[in-house]
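Hi,

Here is the structure I said I'd send over. Have a look at it first, and then read on for what I found.

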Amino acid sequence: MSRDSLGWGNVSTTLAPAEEEHAAGPVARHGWSGLARNADAERVRTELLAQDRMGVVITGDRGVGKTLVGRTALAGFGPEVYTIQLRSTGPGSATPYGCLAFTLARLPQSSLGSPTAILHGITSLIRDDAAGRQCVILLDNAGALDELSTGVLLNLLQTRTARLIATAQRTTDLPPDFYWLITSGQLAEVRLANLTELETLEVLQSALGHRVSTALASQLHQLVGGSPTLLQAVVSEQIERGNLVLSGSVWTLVDEVVLDGRTALEDIVRARYARETPEAREVIDVLSCARTLPLSRLARMYSPGIIADMEEAGQIVVDRTDRHLVTLGDRYLGDIVRNWLSVERRLELRDKVPGHQEQELDELTVEDLLAYAAWTHDCHAQLAPAHALAAASAAVKLFDPKFALKCAGSLSPSDPEWAEGQLQKSAAYLQLGLPLQAMSALDDVSERQVNDLEAETFAEFIAAKADCMAWLEDRSGKVPELLRQARVRLQDLSLDEPAASPAALSRAALRLDLCEFNYFSFIGDFEPMMARLTAAATTDVPGADPVHRLRSAIILMEALSMTGRELDAKKLMRELGGQLGEWSNVPRIRENFAWRSYNVLLLSGLWRQAIDMLKDASGRAGHGLHSGSAATDLAVGLAYVYAGRGYMALDPLLAAIAQLEVRASLQSLRQAYAATAFAYAQTGNSVQATIYLDRARSADGPARFAVSSSTEFCMDMASRWLGDPEAKDRLVRSAEAHFRKGRYTLAGICMLGATVNGTVKDYLYMEEIAGLRQGPLAELSRTVAVGSRKKDAAIMLQAAEQAAALELDAVQARCAALAFDFAKGAGLTASANTAYSMLESLSESVPALPIMPRNKGPLLTERERQIATLAGNGVSNKDIALEVGISVRTVEGHLYQVFTKLGVSSRSDLLGLI
């Protein structure tokens with residue numbers, strides 16, 4: 001069977017973005033496949049031309065580009081090689097000479113009398129057509145070759161009439177005679193693997209012609225399983241739909257990927273679907289609609305044999321959890337097949353699945369109920385109100401806000417579930433970054449309906465209202481009064497024993513406590529709650545609710561890191577990390593822990609560990625919201641900026657901006673602008689730094705304290721780097737404000753940024769703050785303050801080593817620059833040389849120093865550095881002159897200048913300084 005539809009170049013969709021983007025655009029047609037498989041095509045050509053080799057078999061999974069590699073290999077031979085392209089018929093076909101039908105039609109009647117006559121006739125015909133040239137045959141889908149075609153091709157190979165390039169998924173799929181040729185080494189095998197995630201990113205960047213975020217590449221890679229054929233088809237479809245757009249200079253998705261098969265991707269799926277048995281097709285239909293099913297339920301519908309065969313072929317995947325959930329091996333297959341099915345067919349399949357009867361729905365797990373709800377919506381049918389509420393709640397827990405809104409939206413005010421449905425709708429809107437809509441959903445619930453809620457649901461409703469109000473400037477200050485009134489109501493309920501049990505009232509009160517902790521954390525006011533928060537997080541309180549204790553401890557962990565107790569925060573983080581496995585069933589507990597741990601590690605100066613923590617935090621994208629990747633990109637970029645590695649921060653930050661500019665967010669965009677301005681400033685690009693600084697200033701609005709404080713810090717640091725004389729005063733004022741609120745960690749970080757050119761008063765204040773903190777970053781701040789105040793080169797070199805241990809490049813460069821100045825001023829040549837060597841080693845990672853040495857003494861010219869390097873490695877003056885192309889006397893003059901600038905007296909002293 002032909003695999004033409006699998007060629008990247010055969011996709012008719014143009015990949016050029018809209019005209020207004022003025023983008024260079026992606027490469028066209030076969031360029032995509034070439035980007036992915038050029039090296040593999042060269043391997044095929046090399047193996048084909050090897051001595052005593054009859055040909056090559058290209059193997060690999062469906063869609064990896066076997067045919068395209070074969071065609072690319074053929075194209076590389078040029079006109080001096082005669083090429084033939086053959087296609088075998090479909091699997092199980094008994095058509096004689098199926099792949100040779102066109103050649104057979106050209107034979108004279110005299111050559112058609114017997115198989116032997118046909119064999120000789122085809123051999124002669126090909127020799128005549130080749131006209132003395134070497135002949136190479138490309139055979140597609142060799143695993144479906146009929147017996148007579150196999151005999152003819154073997155004769156062509158054994159008589160050296162032609163060499164063969166064949167494609168098959170596995171060598172065991174080949175006819176036995178071909179398989180024997182492989183085992184004997186006469187046919188070589190070139191196995192094609194799917195693209196790795198890194199290769200997917202490289203292909204996308206080369207083909208699309210612009211920056212592609214690692215998050216986007218990762219999402220597309222997972223969707224297509226690393227298949228270059230499918231990758232190009234999916235990208236084509238998403239561009240055609242307007243879902244994949246060029247935002248600034250970065251390709252990004254406007255919304256989650258939805259495949260409807262309107263482009264060439266449908267041809268690929270139809271070709272695969274047509275090859276399946278009727279029973280296998282129905283399994284695909286069911287899993288397309290269900291998305292996932294427990295193996296036990298699927299096994300009640302279909303025989304173990306069909307399930308085992310499909311798993312072995314990679315058509316379905318059974319996970320290794322206790323429930324053994326079954327999904328389609330390729331997600332895109334389900335998305336497209338689902339669109340083919342009529343509403344009637346979807347309903348028929350839904351009702352066929354065990355557990356989907358009305359009386360059985362209450363027994364479904366959260367995941368199963370969510371799948372059932374999605375299936376029902378696909379059928380344009382209504383869920384019962386109780387099931388709609390349960391599905392909305394499940395979707396919120398699994399971070400699928402859009403589907404949660406669909407489910408909650410089916411409820412009406414007359415339904416008893418209405419108030420709780422609005423609660424889920426509000427949570428979904430907040431996940432989408434829409435606090436006004438979230439607040440509006442709660443305001444739609446009448447006071448009577450709120451009063452009718454049970455104690456725990458009432459507490460959840462108040463907590464949701466407080467979450468929304470915190471984002472709204474005109475209502476944020478009213479949260480404490482809201483919580484006070486809610487506690488009064490719980491007190492009133494406690495007087496009415498039949499209406500509310502003591503246990504339920506206790507859980508409701510704890511929910512309000514947790515809401516208050518979250519609110520104080522949101523606004524950055526930690527001192528008023530520290531005593532109560534610590535008590536709530538204490539592990540040895542008898543009868544304490546373990547989930548409440550865990551959630552409180554996670555908030556406490558971040559509060560400790562903000563208030564100068566960094567080591568205590570890290571200790572608590574390690575303890576909690578060891579307990580998370582016991583609470584995997586608590587919704588989003590791992591993601592919440594990961595994001596707060598990221599802040600703990602970042603504020604402690606441990607930026608690499610902070611980035612590693614994002615592996616768990618990235619799970620927040622959940623089932624339906626891909627925009628979690630923007631938060632991850634932003635966090636990675638921010639960590640690099642805090643480390644002083646602006647050159648590494650720009651890619652993830654620009655990718656985050658591209659995503660955030662096309663989707664709503666809760667002030668993450670302003671933080672991204674500020675961090676990007678700081679990154680550009682660190683790289684010395686003042687023009688771009690100024691542009692993004694202006695964007696950050698114009699993107700004002702409410703934000704979580706952790707975000708707003710980071711944003712202001714990045715803006716002030718970018719301004720200071722750009723020479724703004726008022727930036728230092730702003731940083732000092734921020735430090736003083738943090739100090740008054742007990743946020744000693746943030747105060748210390750601000751003073752570290754403010755004191756690049758500080759006063760004695762500044763350094764004393766910085767020392768005072770460092771004395772109230774814990775950990776290596778606090779010790780570094782103290783050492784910098786003492787060394788700067790005393791103008792002591794040795795202490796500043798010690799600070800530079802401390803910064804190097806934390807891999808804080810910009811801080812290390814600052815300390816080295818000051819150490820150099822102090823050493824030169826004190827006549828300490830050795831210390832000056834050490835500081836200079838350190839500055840040289842940082843020249844690439846910190847191209848724009850946070851502070852320039854006042855004494856330019858040892859900065860060598862490019863020619864002096866070149867000659868000093870050669871001399872330090874033992875090269876004679878004569879050989880240096882020959883290599884550089886100057887006279888020996890000129891070499892001696894340059895070395896004199898080098899020795900004078902560096903304060904050394906011999907060539908051996910140059911080692912380690914250049």
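Strand 3 (residues 134-140) runs parallel to strand 4 (residues 163-168), and the two pair over four bridges. One of the residues involved is Val136, whose bridge partner in strand 4 is Arg163. Bear in mind that this is a predicted model.

Zooming out, the pair belongs to an open sheet of five strands in the order 2-3-4-1-5, with parallel pairing. Strand 2 (81-87) and strand 5 (187-191) are the edges, each pairing on one side only. Neighbouring strands in the sheet are turned by 20° against each other on average, ignoring direction. Helix 6 (residues 176-183) lies across strand 1 (55-59), strand 3, strand 4 and strand 5, and runs at about 85° to strand 5.

Now the charged side chains. The count of salt bridges comes to 38, and I picked out three pairs to show you.

First up, Arg43 and Asp40: their closest N and O atoms are 3.0 Å apart. Both sit in helix 1 (residues 31-48), three residues apart, or about one turn of the helix. Are they buried or exposed? Asp40 is buried, because its relative accessible area is 11%, under the 20% cut-off. Arg43, at 38%, counts as partly exposed.

Next, Arg338 and Asp378, where the closest N and O atoms of the salt bridge are 3.8 Å apart. Arg338 is in helix 14 (residues 331-340) and Asp378 in helix 16 (residues 366-378), so this salt bridge ties together parts that are 40 residues apart in sequence. Both partners are buried: Arg338 has a relative accessible area of 12%, and Asp378 has 18%.

The third pair is Arg448 with Asp452, whose side chains meet in a salt bridge at 3.2 Å, N to O. Here Arg448 is exposed, with a relative accessible area of 56%, and Asp452 is exposed too, at 54%. Both count as exposed because the cut-off for that is over 50%.

There is also a network to look at: Glu282, Asp285, Arg345, Glu348 and Lys352 are joined into one by salt bridges that share partners.

If you open the model, I'd start with the sheet and helix 6 lying across strand 1, strand 3, strand 4 and strand 5, then go on to the salt bridge between Arg338 and Asp378.

Cheers

Notes: Residues are numbered from 1 along each chain as its sequence is written. This is a predicted model: local features need pLDDT of at least 70, side-chain atom pairs count only at pLDDT 80 or more; totals for chains, interfaces and linings use all residues. Side-chain values use heavy atoms; hydrogens and water are left out. Two strands pair if DSSP finds at least two bridges between them. Axes are lines fitted to C-alpha atoms, for helices over the stretch in contact, and angles run from 0 to 180 degrees between N-to-C directions. Contact means heavy atoms within 4.5 Å. A salt bridge is a side-chain nitrogen of Lys or Arg within 4 Å of a carboxyl oxygen of Asp or Glu. Buried means under 20% relative accessible area, exposed over 50%, partly exposed in between (1.4 Å probe, protein chains only).
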